[in-house]
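Let's take a walk through this structure together. Have the sequence and the 3D view open, and we can go from one spot to the next.

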Amino acid sequence: MNKLHMKGRILQLIHDQQHGGIWDWQISDAVMSEYGLSGAYWRGNTRVTLTDLFSSGIIESVEEELDHQAYFGAGRVLFKFKLNDFGRQRMRDTALA
């Protein structure tokens, strides 16, 4: 069975945590584990994909905090995301939900 493309899987992870939202570092950890990836490049790649989804208006940030654990780098900002109505509709349109 083929794996879903990474952006689609990221959307599913956010969708699955719709009530409370999910932190960007949790998404990165899940994607890297599921796709057998490691390292700063893939952690950053996940964050770039989240930025793209945010800029497209598909997800929204519901909470932010400083990265004290250095998931992406000390002093950076961590984001907790949720899907918005447009994002849920786009997932239905593309058969991801």
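Which residues does serine 28 touch, not counting residues up to four places away in sequence? They are Arg43, Thr46 and Phe72. Before you zoom in on them, please keep in mind that this is a predicted model. Serine 28 itself lies in helix H2, which covers residues 24-34. Its relative accessibility is 0%, and because buried means under 20%, serine 28 counts as buried.

Now zoom out for the overall picture. The protein has 4 helices and 3 strands, and from the N terminus on these elements follow the order α-β-α-α-β-β-α. Its radius of gyration is 13 Å, close to the 13 Å that the globule rule gives for 97 residues, so the protein is as compact as a globular protein of that length. Along the principal axes, the C-alpha trace spans about 40 × 30 × 20 Å. Of the 97 residues, 36% are buried. If you take the contacts with a separation of 6 or more, 58% of them come from residues 24 or more positions apart. About 5,800 Å² of the protein is exposed, and carbon and sulfur atoms supply 51% of that area.

Let's turn to the aromatic rings next. A pair of aromatic rings is described by the distance of the centres and the angle of the planes. A search of the whole structure finds 4 aromatic pairs. One of them joins tryptophan 25 and tyrosine 71: the ring centres are 4.3 Å apart and the planes meet at 5°, so this pair is stacked. The pair links distant parts of the chain, 46 residues apart: tryptophan 25 belongs to helix H2, while tyrosine 71 sits in the loop between strand E2 (59-66) and strand E3 (77-83). Both partners can be checked for exposure: tryptophan 25 is partly exposed, with a relative accessible area of 22%, and tyrosine 71 is partly exposed at 27%.

Phenylalanine 79 and phenylalanine 81 form another stacked pair, with 6.0 Å from centre to centre and 25° between the planes. Are these two rings buried or exposed, or somewhere in between? Phenylalanine 79 counts as partly exposed, at 30% relative accessibility, whereas phenylalanine 81 counts as buried, at 5%. Ring pairs also bring in Phe54, which joins Phe79 and Phe81 in a cluster.

Between these two phenylalanines in the sequence you will find lysine 80, placed in strand E3. Is lysine 80 buried or exposed? Its relative accessibility is 17%, and because the cut-off for buried is under 20%, lysine 80 counts as buried. Leaving aside its neighbours within four places in sequence, lysine 80 is in contact with Gly20, Gly21, Ile22 and Trp23, and also with Glu60, Ser61, Val62 and Glu63.

Other charged side chains meet rings. The charged end of arginine 47 sits over the ring of phenylalanine 72, 4.4 Å from the ring centre. You have met Phe72 already, as one of the residues that serine 28 touches. In a second case, the charged end of lysine 3 sits over the ring of tyrosine 35, and here the distance to the ring centre is 5.0 Å.

Some backbone details are worth a stop too. Most residues other than glycine have a negative phi, and most peptide bonds are trans. Alanine 70 is not a glycine, yet it has a positive phi of about 65°. You can find alanine 70 in the loop between E2 and E3, where it is partly exposed, with a relative accessible area of 44%. Tyrosine 71, the stacking partner of tryptophan 25, is in that loop as well.

Our last stop is helix H4, residues 85-93. What caps its N-terminal end? Asparagine 84 does, with a side-chain oxygen 3.1 Å from the backbone nitrogen of phenylalanine 86. Just after H4 comes alanine 95, with a positive phi of about 60°. Alanine 95 has a relative accessible area of 65%, and because exposed means over 50%, alanine 95 counts as exposed.

Technical notes:
Residues are numbered from 1 along each chain as its sequence is written. This is a predicted model: local features need pLDDT of at least 70, side-chain atom pairs count only at pLDDT 80 or more; totals for chains, interfaces and linings use all residues. Side-chain values use heavy atoms; hydrogens and water are left out. A polar contact is a pair of N or O atoms within 3.5 Å; within protein, one must be able to donate a hydrogen and the other to accept it, and residues adjacent in sequence count only if both atoms are side-chain atoms. Buried means under 20% relative accessible area, exposed over 50%, partly exposed in between (1.4 Å probe, protein chains only). Contact means heavy atoms within 4.5 Å. Rings of Phe, Tyr and Trp (its six-membered ring) pair if their centres lie within 6.5 Å; planes under 30 degrees apart count as stacked, over 60 as edge-to-face and the rest as tilted. A charge sits over a ring if NZ of Lys or CZ of Arg is within 6 Å of the ring centre and within 35 degrees of the ring normal. The radius of gyration is taken over C-alpha atoms; the globule rule is 2.2 Å times the number of residues to the power 0.38. Accessible areas come from the Shrake-Rupley method with a 1.4 Å probe; for residues, only the protein chains shown count as cover.
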